[in-house]
Amino acid sequence: MARLSGRRRWRHIWPKRLAWWAAGLTALAAASVLVAGLERFSIAGVRVAGARALAAADVQSVVEASLAGRFYRLWPRRNIWLYPKRVLSEELRRQFPGLATVRVSLTSDKRLEVKVTERRGRFLWCDEGAACSFMDETG
């Protein structure tokens with residue numbers, strides 16, 4: 001049997017290598033989806049701390065709504081490694097402008113702890129329409 005030259009040999013080998021690499025990457029992606037969806041890697045619940053004037057249940061419902069669904073229809077948002085920490089913080093600040101700080105962290109018992117501090121009203125601002133609101137140092 002005649003040996004193939006370098007170029008001809010490569011033309012016969014590369015489709016097989018490409019197929020093996022594609023199969024390996026597909027298997028790795030499927031395994032990551034399955035592992036990420038396991039209950040042991042899911043957030044068990046949400047705990048809200050620091051809410052005084054704002055109802056903790058309202059904050060909790062916004063967090064739960066942000067954790068619903070999946071990334072790219074594959075990986076669950078409730079995964080302890082993949083939860084959208086920055087998005088949660090931004091969403092809470094958008095929904096509740098009276099919050100001064102929002103800190104989101106994961107506790108050892110797989111609960112998401114949301115620590116909020118509310119703005120303290122130091123000044124009372126009333127416009128001509130008799131609508132009044134409290135202001136702090138930042139306005």
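Where in the structure is Arg73 found? In this predicted model, Arg73 is in the loop between strand 2 (70-71) and strand 3. Arg73 is not a glycine, yet its phi is positive, at about 65 degrees. The residue is exposed because its relative accessible area, 77%, is over the 50% cut-off.

A positive phi also occurs at Lys110. The value there is about 60 degrees, and Lys110 is not a glycine either. Lys110 is placed in the loop between strand 4 and strand 5. Its relative accessible area is 27%. Lys110 therefore counts as partly exposed, since that class lies between under 20% and over 50%.

Strand 4 (99-106) and strand 5 (111-118) also take part in the largest nonpolar core. This core holds 20 residues. Val59, Val63, Leu67, Leu92, Leu112 and Val114 touch the most other members. Two or more residues each come from strand 1 (45-49), helix 2 (56-67), helix 3 (85-95), strand 4 and strand 5. Helix 2 gives the most, with four residues.

Val59 illustrates the packing in this core. Neighbours within four places in sequence are left aside here. Val59 is then in contact with Val48, Leu54, Leu92, Phe96 and Val114. Two of these partners, Leu92 and Val114, are themselves among the residues that touch the most other core members.

Nonpolar residues also appear on the surface. Val35, Leu38, Trp81 and Leu82 form a nonpolar patch there. Together they have about 370 Å² of accessible area. Trp81 is found in the loop between strand 3 (75-76) and helix 3. Its relative accessible area is 58%. Trp81 is therefore exposed, as the value is over 50%.

Strand 6 and strand 7 form a hairpin. Strand 6 covers residues 123-126, and strand 7 covers residues 132-135. The two strands run antiparallel and are joined by four bridges. One bridge pairs Cys126 with Cys132 of strand 7. Five residues lie between the strands. In this turn, Ala130 has a positive phi of about 65 degrees.

How values were computed: Residues numbered from 1 in each chain as written. Predicted model: local features only at pLDDT ≥ 70, side-chain atom pairs only at ≥ 80, totals over all residues. Heavy atoms only, no water. Core = buried A, V, L, I, M, F, W, Y, C linked by side-chain atoms within 4.5 Å. Buried < 20%, exposed > 50% of the residue type's maximum accessible area, 1.4 Å probe, protein only. Contact = heavy atoms within 4.5 Å. Patch = residues over 30% accessible without salt bridge, like charges linked within 9 Å, V, L, I, M, F, W, Y side chains within 5 Å. Areas by Shrake-Rupley, 256 points an atom, 1.4 Å probe, with all protein chains shown as cover. Salt bridge = Lys/Arg side-chain N within 4 Å of Asp/Glu carboxyl O. Pairing = 2+ DSSP bridges.
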